[in-house]
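In this notebook I record what I looked up in one protein structure. The entries take up its cores, its salt bridges and its main pocket.

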Amino acid sequence: MIERLQISNLRNLTQVNLHTAACNVMIGANGSGKTSLLEAIFLLSRGKSFRHHQPKRYIQHHQHTATVHARLSDGNTLAIQKQADATTLLRLNQSTVYNQSILTEQLPTLLIDPSSMDMLEQGSASRRQLLDWLVFHMKQGFHPQWLAYQRLLKQRNSLLKKSKHLTHVQLAELRSWDKGLGNHAALIHHYRQHVFTKWQPFFADSIAQLLPSYAEQLSLSYHAGYDTDVALEVQLGERLEQDLQLGYTRIGNHRADIHVHWRSNDALAANDTMPPDKLPAGSGSKQVVADTLPILKEQAANVLSRGEKKLLITALRLSQLSLLLQTDATTQANTNENERVLTATPVVLLDDITAELDERAIEILLSTLAKLPCQVFMSSLTADITPMVNGLWSNPMMFHVKQGQVFPF
């Protein structure tokens, strides 16, 4: 948990020095700097901003660097310094480190913000990152495999862009990369599939709380990005000509996706009316039977209202945290070489939730977070949320943010 947070030259935050608690509320007008406080914590944890990836966009005007420093409750100190040219300096306990993942392990952050409320309609990247955040914190071997896959993919795409006709030497090089991609892809898929299976019941529980009328109609599915019954290396070879024409690799782990499906009541009712001898072998559940009626299955984003989508995305995030913390408790007693034990307190960043969620949803979200061993930072335009926060947390910290300065509220 963060005990002290220092920020220098990030947007309009020239110098900020805060002592923090388990729950921290930033109250201020638009443009005051409250979201920038959350952005700073995210930057320290992830090495990038959730608002803009170019450091020159968030480094304060006329300054060369932006710095974020945190002291944690376990005594560790973390720091990141970003320069305008994207040069990054990372430090753990006053020692320079060279991998952002080291700080990410020390400070796991989960963000719920207005921009994430569109992830159902956006491309697959944000949904894939949703799953990979979980896999990173639950599977020790995932990140090295993911990094190796990304390096090979970058090399392959660079070669595909150079020419539509490869020499024998280039072709041999590409086949070697394809073999490596296939090996890494198999392990990455294995990790993702295992975590996804564990995630599903937690998602169902969150839906039952936030969207109870859709509890039996919403479900998750995971798509690997390629046919997992056939080695990726083989499929890449078969699609080489098309990839050369397009100049990029069309299938693989980098095209994986998470879909949220909605089933009509007709699909669910089919299970109640279908005679037992007509049920698919080994079924007996509404979900299995509904899967036999794909015509009644639809993307949730095409059916739910804007407000319901917000609740759905909140359920996705909340279920991840519940899974991660419960897995941590059970893994402590039975670890193996592939399981990662979460040793740090997760930090939840809630940006302007009063503008995105109704009062009932906010109450469910905050009451759930208050029961979990996590630290919360939230921003709000008004102080209307403070009575609810005071009723859920003991000694929460309230801050007033005005023109880049932070005062006790």
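Entry 1, the cores. I looked first at the largest nonpolar core, which has 83 residues; those touching the most other members are Trp199, Leu218, Leu312, Leu350, Leu366, Leu369 and Met378. Helix α6 (residues 168-210) contributes the most to this core, with 14 residues. I note that a nonpolar core is a set of buried Ala, Val, Leu, Ile, Met, Phe, Trp, Tyr and Cys residues joined through side-chain atoms within 4.5 Å. Buried means under 20% relative accessible area, exposed over 50%, and partly exposed in between (1.4 Å probe, protein chains only). Helices (H or I, at least four residues) and strands (E, at least two) are DSSP runs, numbered from the N terminus.

The model is predicted: local features need pLDDT of at least 70 and side-chain atom pairs count only at pLDDT 80 or more, while totals for chains, interfaces and linings use all residues. Residues are numbered from 1 along each chain as its sequence is written, and side-chain values use heavy atoms, with hydrogens and water left out.

I then took Leu350 and set aside its neighbours within four places in sequence. Its contacts (heavy atoms within 4.5 Å) include Leu38, Ile112, Leu365, Phe377 and Ser379. I also found a second, separate core of 36 residues, with Ile7, Leu10, Leu37 and Val68 among them. In soluble globular proteins, nonpolar side chains tend to be buried together.

Entry 2, the salt bridges. I recorded 11 salt bridges in the structure; the term means a side-chain nitrogen of Lys or Arg within 4 Å of a carboxyl oxygen of Asp or Glu.

Arg71 and Glu3 form one of them, at 3.8 Å from N to O. Arg71 belongs to strand β4 (residues 65-72) and Glu3 to strand β1 (residues 2-10), so this pair ties together parts 68 residues apart in sequence. Arg71 is partly exposed at 30% relative accessibility, and Glu3 is partly exposed at 31%.

Glu121 and Lys309 form a salt bridge at 2.5 Å, N to O. This pair links distant parts of the chain, 188 residues apart: Glu121 is in the loop between β8 (109-112) and α4 (124-138), and Lys309 is in helix α11 (residues 306-331). Is Lys309 buried or exposed? At 12% relative accessibility, Lys309 counts as buried, whereas Glu121 is partly exposed at 41%.

Asp178 and Arg156 form a salt bridge whose closest N and O atoms are 2.6 Å apart. Asp178 lies in helix α6 and Arg156 in helix α5 (residues 142-162), so the pair joins parts 22 residues apart in sequence. Asp178 is buried at 3%, and Arg156 is buried at 0%. A network of salt bridges links Arg156, Asp178, Asp243 and Arg250.

Entry 3, the lining of the largest pocket. Which element supplies the largest share of this lining? I found that α4 does, with nine residues. The elements that each supply at least two lining residues include α1 (34-46), α3 (100-106) and α5. By class, the lining has 14 nonpolar, 17 polar and eight charged residues. Here Ala, Val, Leu, Ile, Met, Phe, Trp, Tyr, Cys and Pro count as nonpolar, Asp, Glu, Lys and Arg as charged, and the others, Gly among them, as polar. A pocket is an open set of points on a 1 Å grid over the protein atoms alone, where a 1.4 Å probe fits, with protein on both sides within 12 Å along at least five of seven lines; lining residues have an atom within 4 Å of a point.

Entry 4, the whole protein. I noted 14 helices and 15 strands. Buried residues make up 52% of the 409 residues.
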